[in-house]
Amino acid sequence: MSERETPDDERPYECDLCDDRFATREELKDHVWEYHEMDGDVPP
Ligand SMILES: [Zn+2]
């Protein structure tokens, strides 16, 4: 069983900068910050 294969339905938040998907907006924001060093749409 692979942990990386999660149905898209459970991860509606897709990163605009790569193919990663997230279940919550907060996870997506954290990802963008850590991996792309940008802020999505919410200022700190
Ligand atoms: Zn990304």
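This report describes the fold of a small set of elements and the surroundings of three loop residues in a predicted model.

**Overall architecture**

The secondary structure of the protein consists of one helix and two strands. Along the sequence these elements follow the pattern β-β-α. Of the 44 residues in the protein, 5% are buried.

**The helix**

Helix α1 covers residues 25-36, which is twelve residues. From its first C-alpha to its last, α1 reaches 15 Å, and this is close to the 16 Å expected at 1.5 Å a residue. An α-helix has 3.6 residues a turn, so residues three or four places apart point the same way. After α1 comes E37, and the phi of E37 is positive, near 50 degrees.

**The loop between the strands**

Strand β1 (13-14) and strand β2 (21-22) are joined by a loop that contains C15. D16 is found in this loop between β1 and β2 as well.

Are C15 and D16 buried, partly exposed or exposed? C15 counts as partly exposed because it has 16 C-beta neighbours inside 10 Å, a number that falls between the limits of 12 or fewer for exposed and 20 or more for buried. D16 is exposed, because 9 other C-beta atoms lie within 10 Å, and a residue with 12 or fewer is placed in that class.

Which residues does C15 contact, once its neighbours within four places in sequence are left aside? They are D20, L28, H31 and V32.

**The loop before the helix**

A23 lies in the loop between β2 and α1. A23 is partly exposed because it has 13 C-beta neighbours inside 10 Å. When residues up to four places away in sequence are not counted, A23 touches E10 and R11.

**Separations across the chain**

The table lists three pairs of residues, with their spacing along the chain and the separation of their C-alpha atoms.

| Pair | Spacing along the chain | C-alpha separation |
|---|---|---|
| C15 and K29 | 14 residues | 8.8 Å |
| D16 and V32 | 16 residues | 9.0 Å |
| A23 and D9 | 14 residues | 8.7 Å |

V32 appears in two of the descriptions above: V32 is among the contacts of C15, and the C-alpha atom of V32 is separated from that of D16 by 9.0 Å. For C15, the picture thus combines a place in the loop between β1 and β2, a partly exposed setting, and contacts that include L28 and H31.

Notes. Residues are numbered from 1 along each chain as its sequence is written. This is a predicted model: local features need pLDDT of at least 70, side-chain atom pairs count only at pLDDT 80 or more; totals for chains, interfaces and linings use all residues. Helices (H or I, at least four residues) and strands (E, at least two) are DSSP runs, numbered from the N terminus. The expected span of a helix is 1.5 Å times one less than its number of residues. Two residues are in contact if their C-beta atoms, placed from the backbone, lie within 7 Å.
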